[in-house]
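User: I'd like a close look at one part of this model, the pockets and whatever is bound there. Could you walk me through it in one go?

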Amino acid sequence: MRRKLAAGNWKMNGDAALLGELATLAGQQADTAPEILICPPHPLLAHAVSVTDGSPVGIGGQDCHAARTGAHTGDVSAPMIAATGAQAVIVGHSERRAEHHETSEIVRAKATAAMAAGLTTILCIGESEEERLGNDTLKHIADLMHASLPDAATGDTLVIAYEPIWAIGTGRVPTLDQIVETHDMLRDELVGRFGPDAMTIRLLYGGSVKPTNAAEIFTADNVDGALVGGASLKAADFQPIIAALAAS
Ligand code: PGA
């Protein structure tokens with residue numbers, strides 16, 4: 001049985017007002033709800049951990065360096081993120097792959113470092129619009145995942161987020177059939193790679209998840225939750241998505 005997960009990616013958004021939203025969100029949760037995670041920018045991690053202390057809301061980072069320490073100005077390592085009290089980290093988001101030229105090899109090293117630091121690793125993969133319209137869409141997504149995956153993974157250490165690049169922040173989402181087909185394929189690939197234990201690895205859908213479309217997306221068997229950007233910034237938007245997940 002996979003515990004459902006609603007993860008929020010604040011991206012480069014966050015200030016005192018947003019920490020207030022986080023406090024509101026934390027106060028709204030029952031222990032029986034799906035797992036909830038919010039990933040604020042790194043400078044807010046420690047604040048976010050203290051604001052959510054004692055609540056079911058966990059905190060994660062948005063990226064980490066593959067090394068533990070060293071001459072990497074501006075970077076943050078996985079053990080540093082863990083030291084704030086955060087429990088997870090996103091790696092391989094398409095914005096990092098595009099803006100910071102992160103290859104799958106780099107993403108793989110980051111995922112390995114994150115796991116070594118004891119962080120749940122949310123590994124993002126997804127196709128461009130051109131790749132979606134091409135003939136080898138599923139193969140492209142599978143190849144990207146395999147190239148980015150660490151050598152070993154379990155449901156306790158790894159979460160996969162399928163995020164079509166063309167759906168991020170655009171208000172466009174794939175059809176339910178496309179989501180089902182992609183997530184079923186990812187599940188098969190993970191089991192092929194890691195064996196039956198990979199049945200416990202959670203698969204999130206991400207890209208323009210909103211209160212209005214969440215319930216339909218969550219009907220897919222291999223959708224175990226969502227990675228939510230814009231709609232995670234306000235408790236009033238994120239809470240209905242959590243509720244839809246709890247009801248699914
Ligand atoms: P969005 O972002 O929900 O704003 O589309 C999702 C993401 O990039 O993780």
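How much space lies in the largest pocket? And once that's covered, please go on to the ligand site.

Analyst: Sure. Keep in mind that this is a predicted model. The largest pocket holds about 420 Å³ of space. Its lining is made up of 15 residues, and those nearest the pocket centre are Lys11, Met12, Gln62, Arg96 and His100. Sorted by class, that lining splits evenly: 5 nonpolar, 5 polar and 5 charged residues. If you're wondering which element gives the most to the lining, look at helix 4 (residues 94-99), which supplies 3 residues.

Now for the ligand, which sits in the second largest pocket. That pocket has about 150 Å³ of space. Here too 15 residues form the lining, with Lys11, Gly169, Ser208, Gly229 and Gly230 nearest the centre. By class, the lining of this second largest pocket comes out as 5 nonpolar, 7 polar and 3 charged residues. Lys11 is worth a second glance, since it is listed nearest the centre of the largest pocket and also nearest the centre of the second largest one.

Next, the ligand's own surroundings. There are 13 residues around the ligand, and the closest are Lys11, His93, Glu163, Gly169 and Ser208. This shell is made of 4 nonpolar, 7 polar and 2 charged residues.

As for individual contacts, three involve oxygen atoms of the ligand. The side chain of Lys11 places an N or O atom 2.7 Å from a ligand oxygen. His93 also uses its side chain, with a polar atom 2.7 Å from an oxygen of the ligand. Gly230 takes part through its backbone instead: an N or O atom there is 2.9 Å from a ligand oxygen. As for how covered the ligand is, on its own it would expose 280 Å², and the protein buries 97% of that.

How values were computed
Residues are numbered from 1 along each chain as its sequence is written. This is a predicted model: local features need pLDDT of at least 70, side-chain atom pairs count only at pLDDT 80 or more; totals for chains, interfaces and linings use all residues. Side-chain values use heavy atoms; hydrogens and water are left out. A residue is near a molecule or strand if one of its heavy atoms lies within 4 Å of it. A polar contact is a pair of N or O atoms within 3.5 Å; within protein, one must be able to donate a hydrogen and the other to accept it, and residues adjacent in sequence count only if both atoms are side-chain atoms. Accessible areas come from the Shrake-Rupley method with a 1.4 Å probe; for residues, only the protein chains shown count as cover. On a 1 Å grid over the protein atoms alone, a cavity is a set of points where a 1.4 Å probe fits but cannot get out, and a pocket is an open set with protein on both sides within 12 Å along at least five of seven lines; lining residues have an atom within 4 Å of a point. A molecule sits in a cavity or pocket if more than half of its atoms lie within 2 Å of its grid points. Ala, Val, Leu, Ile, Met, Phe, Trp, Tyr, Cys and Pro count as nonpolar, Asp, Glu, Lys and Arg as charged, and the others, Gly among them, as polar. Grid points are joined across faces, edges and corners, and a volume is the space filled by probe spheres set on the points. Helices (H or I, at least four residues) and strands (E, at least two) are DSSP runs, numbered from the N terminus.
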